[in-house]
Structure formats: structure tokens, C-alpha cells
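Work through the exercises below with the model open. Each task is followed by a stepwise solution.

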Amino acid sequence: MQIHIRVSPGLAAEIGQPRLTLTVDEDATTVAVLETLRTAYPGSAALLARAVIMSAGRHVPTDEPLRPGQELALLIPIAGGAHSSGRAASMSAATATSDI
């Protein structure tokens, strides 16, 4: 079956195109898509390892079966997350409103 994939700008620069169509097995999951892309674009393996897979506006678990013609978006986080201390980076409401 064919799966359509949109990739984030950083990944598109790595692989040379913003959209792809892959042929995968009928029982494929999103893991198969990532494996296929890692094989086809080995220089992008590090970015693909960080990819967040979305479909129809929601996060897709790696074990979710794919549907024929499904469109996936591969998003690569570029900032944010937890500091080395484990605390999430955020701005307090008081700080956020004090500059307004």
C-alpha cells in the first residue's frame, strides 16, 4: 500500500524533498515507515530518530497500523523540552505578564 509523507523543513533539506510517497506492506506500522526512510536516507538517521509522527492532527503511536493512502507528517522538534535537571523550560505567568 502507499503512504504519503510530509516532512518538516529541516528534514526536507536533508532528503531533498518536502513530500514522499512510500510503498509499505499491508500490515505496516509507523515503525516500518521510519525504517524505510532510514534505509533510503541513511544520512538523515539522526533526525529521523527524533521525528514525531502526526496524522490528521494527532500524534501517531509507533505501533499503530497504517491505512492505504494515509498521510503522515514527520515533525522534528527544534527547541524546548527539559533542562538537564529534568525541569521543563517554562516562563511563569508573573514573568510573562510583567513585560506587557
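**Exercise 1. Classify Glu71 by its accessibility, then find its charged partners.**

Step 1. This is a predicted model. Glu71 has a relative accessible area of 36%. Buried means under 20% and exposed means over 50%. Glu71 therefore counts as partly exposed.

Step 2. Look for Arg19. Its side chain forms a salt bridge with Glu71, with the closest N and O atoms 4.0 Å apart. Arg19 sits in strand β2 and Glu71 in strand β5, so this pair ties together parts 52 residues apart in sequence.

Step 3. Now take Arg6. Its side chain meets that of Glu71 in a salt bridge, at 2.6 Å from N to O. This pair also links distant parts of the chain: Arg6 belongs to strand β1, Glu71 to strand β5, and 65 residues separate them. Arg6 is partly exposed, at a relative accessible area of 35%.

**Exercise 2. Count the salt bridges and describe the pair that involves Glu64.**

Step 1. The structure holds 3 salt bridges.

Step 2. Glu64 pairs with Arg58, at 2.7 Å from N to O.

Step 3. Compare each accessibility with the cut-offs. Glu64 has 15% relative accessibility, so Glu64 counts as buried. Arg58 has 37%, so Arg58 counts as partly exposed.

Step 4. Check for shared partners. Arg6, Arg19 and Glu71 are joined into one network by salt bridges that share partners.

**Exercise 3. Locate the largest nonpolar core and place Leu74 in it.**

Step 1. The largest nonpolar core has 23 residues. Those with the most contacts inside this core are Ile5, Leu11, Val24, Val33, Leu37, Leu66 and Leu74.

Step 2. Assign the core to elements. At least two of its residues come from each of β1 (2-7), α1 (9-15), β2 (19-23), α2 (30-40), α3 (45-49) and β5 (71-75).

Step 3. List what Leu74 touches, leaving out residues up to four places away in sequence. Its contacts include Ile5, Val7, Leu11, Leu34, Leu37, Leu48, Val52 and Ile53. Arg6 and Ser8 are also among them.

Step 4. Set this against the general pattern. In soluble globular proteins, nonpolar side chains tend to be buried together.

**Exercise 4. Decide which part of the model to read with caution.**

Step 1. The chain averages a pLDDT of 82, and 78% of the residues score at least 70.

Step 2. Over residues 83-100 the pLDDT is below 50. Beyond near neighbours in sequence, this stretch has 8 contacts in the model.

Step 3. Where pLDDT is low, the predicted coordinates should not be read in detail.

Technical notes
Residues numbered from 1 in each chain as written. Predicted model: local features only at pLDDT ≥ 70, side-chain atom pairs only at ≥ 80, totals over all residues. Heavy atoms only, no water. Core = buried A, V, L, I, M, F, W, Y, C linked by side-chain atoms within 4.5 Å. Buried < 20%, exposed > 50% of the residue type's maximum accessible area, 1.4 Å probe, protein only. Helix = DSSP H or I, 4+ residues; strand = E, 2+ residues; numbered from the N terminus. Contact = heavy atoms within 4.5 Å. pLDDT = per-residue confidence, 0-100.
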